[in-house]
Amino acid sequence: MTKVIKVENLSKAYQLGDFGTGTISRDLERFWAKIRGKEDPFLKIGEVNDRTTKSTSDIVWSLKDINFDIKQGDSVGIIGRNGAGKSTLLKILSRVTSPTTGSVKIKGRIASLLEVGTGFHPELTGRENIYLNGAILGMSKAEIKRKFDEIVDFAGIERYVDTPVKRYSSGMYVRLAFAVAAHLESEILVVDEVLAVGDAEFQKKCLGKMGDMNKSEGRTVLFVSHNMDAVMRLCSHAILLKNGLIQDYSHTEKIIDTYLRADFGTTAFRSWSEPNLPGNVIVKLLQIKAHTANNEIKDLFDLTESVHITMLYQVLQGGHKLNPALNFFNRNGVNLFDSHQTNNFLFENTIVPGIYESTVVIPGNFFAEGTIIISGAIVTHNPFYVHFHEKDVIAFNMTDQMTNNPTRGDFTGTIPGTIRPLLNWKSTKI
């Protein structure tokens, strides 16, 4: 396929605080270097874009040595923490700002939606702003007129189309702005985090529209979002930015796993010691681990393997019925399911002080690929009481080796979802 975006050695430096180098002689030296087409001599002291550290210079590299290609028809998500350089990259691609060094080659027309109300005039009506914003994005008057009704219908603001947009809510702003950008006959659509302003129904509508533009019309989509579900649904590939650098550029599933795993700090084993044992005077937690049937602790399991979760705890006060419980979450923090012990002597009888171990087994061919995060607790029923509840204590990753996997069969593509149970199918000729 044709490459529509080619980024080579792209860097962007910003000056912190006041502009200027601090002295007239240094300002002149910088100006003279710029005239001769040389690199700014004072950028060499610049720092990496890490917002968590204190600055020692007045120059920071928002982006540093970025290289990637995007082909026609690709849908690419750009993810990373706040301040990683995502919005700066989109602004450079949209020609809102220029790079400090490096080059960007773009083939085709770009429609950008970077901030709520970009290109809108608050005193003009929605109708007038459609024409104004469309013209800014490169649409002809005839093109805007032809698509006007479609834009208004998609935005869902027909009642307010002749009202000044200064009276619009931020959600109405973004509805109208996205509708204009989405209906521009561009080859490339660039969307920043603005969709988060809209309601759930409109976000779904926008993602559907972008998906249609990408799959049906073959248009290229660049999408920045902190909503990993949206990135997963829309994008086939993703770029992970950290401190202005590209950490990885690959299939979306892999990139999101890398991002969330680094953010969570995946560990399959967690233990505590006095005086920091979670719990109370009745029971205290000692450790939780994810392991194989052979008691091998690991944080990477094949989809066909069973996963054993074991909780070790110390009962300090007898006479209570204690129920170990686990909460299972996916990488986006969605609660997949909870499980607590409802059988065995521990649940059926009051127990005496001592150290106890409880294990639950998740069978193979149950989870799909991705990160599974676990919280652990011990509770008492009737009356209900939580003795401790440790959130996000361990995590492990499921991987699909794509060999001898009964849930995959002959299919070699990406299979979405967090669970992938092996179900019995039956087909007959009737």
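The questions and answers below walk through a predicted model of one protein chain.

Reader: How many helices and strands does the chain have?
Author: The chain holds 430 residues, and buried residues make up 46% of them. Among contacts between residues at least 6 apart in sequence, 69% join residues at least 24 apart. As for the elements along this chain, the count is 9 helices and 19 strands.

Reader: What share of the exposed area of the chain do carbon and sulfur atoms supply?
Author: The area that the chain exposes comes to about 22400 Å². Of that area, the part supplied by carbon and sulfur atoms is 51%.

Reader: Which helix gives the largest share of the largest nonpolar core?
Author: The largest nonpolar core has 48 residues, and those with the most contacts inside it are I79, I130, L176, F178, M210 and F223. The largest share of this core, 10 residues, comes from the helix that spans residues 170-182, namely α5.

Reader: Which residues does L176 touch, not counting residues up to four places away in sequence?
Author: L176 is one of the residues with the most contacts inside the largest nonpolar core. Once residues up to four places away in sequence are set aside, the residues that L176 touches are F120, G126, I130, I151, A155, I157 and Y168.

Reader: How many residues are in the second, separate core?
Author: Apart from the core of 48 residues, there is a second, separate one that includes I282, A290, V315 and I374. The number of residues in this second core is 31.

Reader: Why is strand β12 described as largely enclosed by the rest of the structure?
Author: A residue counts as buried when its relative accessible area is under 20%, and this is the test to apply along residues 283-291, which form β12. Strand β12 is largely enclosed by the rest of the structure because the residues that are buried number 9 of the 9.

Reader: With which strand does β12 pair over 8 bridges?
Author: Strand β11 (residues 269-271) pairs with β12 in the antiparallel sense over 3 bridges, and there F269 has K289 of β12 as its bridge partner. The pairing over 8 bridges is also antiparallel, and in it V283 has V315 as its bridge partner. The strand in question covers residues 307-315 and is β14.

Reader: Which residue's side chain makes a polar contact with the side chain of S358?
Author: S358 lies in strand β17, which runs over residues 354-362, and it counts as buried because its relative accessibility is 12%. Its C-alpha is 9.5 Å from that of A325, although the two residues are 33 apart in sequence. The polar contact of the S358 side chain, at 2.8 Å, is with the side chain of Y313.

Reader: Is S112 buried or exposed?
Author: S112 belongs to strand β6 (residues 110-113), and a polar contact of 2.7 Å joins its side chain to that of S94. Leaving aside neighbours within four places in sequence, S112 is in contact with S94, L137, A181 and V190. Because the cut-off for this class is under 20% and the relative accessible area of S112 is 19%, S112 is buried.

Reader: Which residues of helix α2 are buried?
Author: Helix α2 takes up residues 86-93, and it is largely enclosed by the rest of the structure because 6 of its 8 residues are buried. Just after this helix, R95 takes a positive phi of about 65°. The buried residues of α2 are K86, T88, L89, L90, I92 and L93.

Reader: Where is P383, which follows a cis peptide bond from N382, found?
Author: The peptide bond from E274 to P275 is cis, with omega near 5°, and P275 is found in the loop between β11 and β12. The bond from N382 to P383 is cis too, with omega near 0°. The place of P383 is the loop between β18 and β19.

Reader: What phi does D392 have?
Author: N365, in the loop between β17 and β18, has a positive phi of about 55° although it is not a glycine. D392 is placed in strand β19 and counts as partly exposed, at 37% relative accessibility. Although D392 is not a glycine, its phi is positive, at about 50°.

How values were computed:
Residues numbered from 1 in each chain as written. Predicted model: local features only at pLDDT ≥ 70, side-chain atom pairs only at ≥ 80, totals over all residues. Heavy atoms only, no water. Helix = DSSP H or I, 4+ residues; strand = E, 2+ residues; numbered from the N terminus. Buried < 20%, exposed > 50% of the residue type's maximum accessible area, 1.4 Å probe, protein only. Polar contact = N/O pair within 3.5 Å; in protein donor to acceptor, adjacent residues only side chain to side chain. Pairing = 2+ DSSP bridges. Contact = heavy atoms within 4.5 Å. Areas by Shrake-Rupley, 256 points an atom, 1.4 Å probe, with all protein chains shown as cover. Core = buried A, V, L, I, M, F, W, Y, C linked by side-chain atoms within 4.5 Å.
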